[in-house]
Amino acid sequence: MSENFNTNLIVDPPGPVKVKLFTVTNDQLIILEKIEKGSLMLRIALFLLGIAISQTISFYNLPQGADATLAIVFMSIGYSGGIVALIGWALSKSIAKEVIREIRNQPGNVADGSEKEKPGASQNGKSTKKQTASKKAESPA
């Protein structure tokens, strides 16, 4: 059994692919690895706050004279733990932004996204020296 492959589906990118390289120190890598736990902190915060909100709703719907000790315990744990986890997530997010900004602003890294082209640098792999020389020849002096 032979398989037919449609090669028309393979499409080259429309232009040159640009890759930006940034130098990163070992300390910055360690910080970024620790910050990766921030998304876990956000999930924990949402989980705990969800429990706290549901216990608050059930607390207000309890009949008169019912024991509400368990609902109050879950509410206090949920709200306090959720708020602490949200603060931890916000701090890790701000630290991550600071480290990334520091990496981008290091000497040798392009911070603003604009690349300075050297004279005679290539565009699409071809030298531009001939192009500038032909433009000078075409323009009236």
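**Exercise 1. State the accessible surface of the chain and the share of carbon and sulfur atoms in it.**

Solution. The accessible surface of the chain comes to about 12,000 Å². Carbon and sulfur atoms account for 61% of that area. The model is a predicted one. Turning from surface to interior, buried residues make up 16% of the 141 residues in the chain.

**Exercise 2. Describe the secondary structure of the chain and its order along the sequence.**

Solution. The count comes to four helices and two strands. Placed in sequence order, these elements give the pattern α-α-α-β-β-α. For the contacts, take those between residues at least 6 apart in sequence; of these, 69% join residues at least 24 apart.

**Exercise 3. Determine which residues make the nonpolar surface patch and which helix gives the most to it.**

Solution. Begin with the members: Ile53, Ile57, Tyr79, Ile83, Ile87 and Leu91 make a patch of about 560 Å². Next, assign them to elements: α2 (38-60) and α3 (69-104) each supply at least two residues. The greatest contribution is that of α3, with four residues. One of the patch members, Tyr79, lies in helix α3. Its relative accessibility is 32%, so Tyr79 counts as partly exposed, since that class lies between 20% and 50%.

**Exercise 4. Compare the expected span of α2 with the distance between its end C-alpha atoms, then identify where its buried residues pack.**

Solution. Helix α2 has 23 residues, which at 1.5 Å a residue should span 33 Å. The end C-alpha atoms of α2 are 33 Å apart, and therefore the two values agree. The buried residues of this helix are Gly38, Ala45, Leu48, Leu49, Ala52 and Thr56. A general property of helices helps in reading such a list: with 3.6 residues a turn, residues three or four places apart point the same way. As for their partners, the buried residues of α2 pack against α1 and α3.

**Exercise 5. Classify Ser92 as buried or exposed, and name the residues that it touches.**

Solution. Ser92 is located in helix α3. With a relative accessible area of 13%, Ser92 falls under the 20% limit and is therefore buried. Once residues up to four places away in sequence are set aside, Ser92 touches Ile35 and Gly38. Gly38 is also among the buried residues of α2.

**Exercise 6. Examine the environment of Gln28, and then the separation of Thr25 and Ile103.**

Solution. Gln28 belongs to helix α1 (residues 26-35). Its relative accessible area is 4%, so Gln28 is buried. Beyond its neighbours within four places in sequence, Gln28 is in contact with Thr23, Val99, Glu102, Ile103 and Gln106. Now consider Thr25, which lies in the segment before α1. Thr25 has 39% relative accessibility and so counts as partly exposed. Although Thr25 and Ile103 are 78 residues apart in sequence, their C-alpha atoms are 8.6 Å apart in space.

**Exercise 7. Establish the geometry of the pair formed by the rings of Phe59 and Tyr60, and state the accessibility of each residue.**

Solution. The structure holds one aromatic pair. The ring centres of Phe59 and Tyr60 are 5.4 Å apart and the planes stand at 65°, so the pair is edge-to-face. The angle decides the class because planes over 60 degrees apart count as edge-to-face. As to accessibility, Phe59 is partly exposed, with a relative accessible area of 26%. Tyr60, at 64% relative accessibility, counts as exposed.

Conventions
Residues numbered from 1 in each chain as written. Predicted model: local features only at pLDDT ≥ 70, side-chain atom pairs only at ≥ 80, totals over all residues. Heavy atoms only, no water. Buried < 20%, exposed > 50% of the residue type's maximum accessible area, 1.4 Å probe, protein only. Contact = heavy atoms within 4.5 Å. Areas by Shrake-Rupley, 256 points an atom, 1.4 Å probe, with all protein chains shown as cover. Patch = residues over 30% accessible without salt bridge, like charges linked within 9 Å, V, L, I, M, F, W, Y side chains within 5 Å. Salt bridge = Lys/Arg side-chain N within 4 Å of Asp/Glu carboxyl O. Phe/Tyr/Trp six-rings, centres within 6.5 Å; stacked < 30°, edge-to-face > 60°. Expected span 1.5 Å × (residues − 1).
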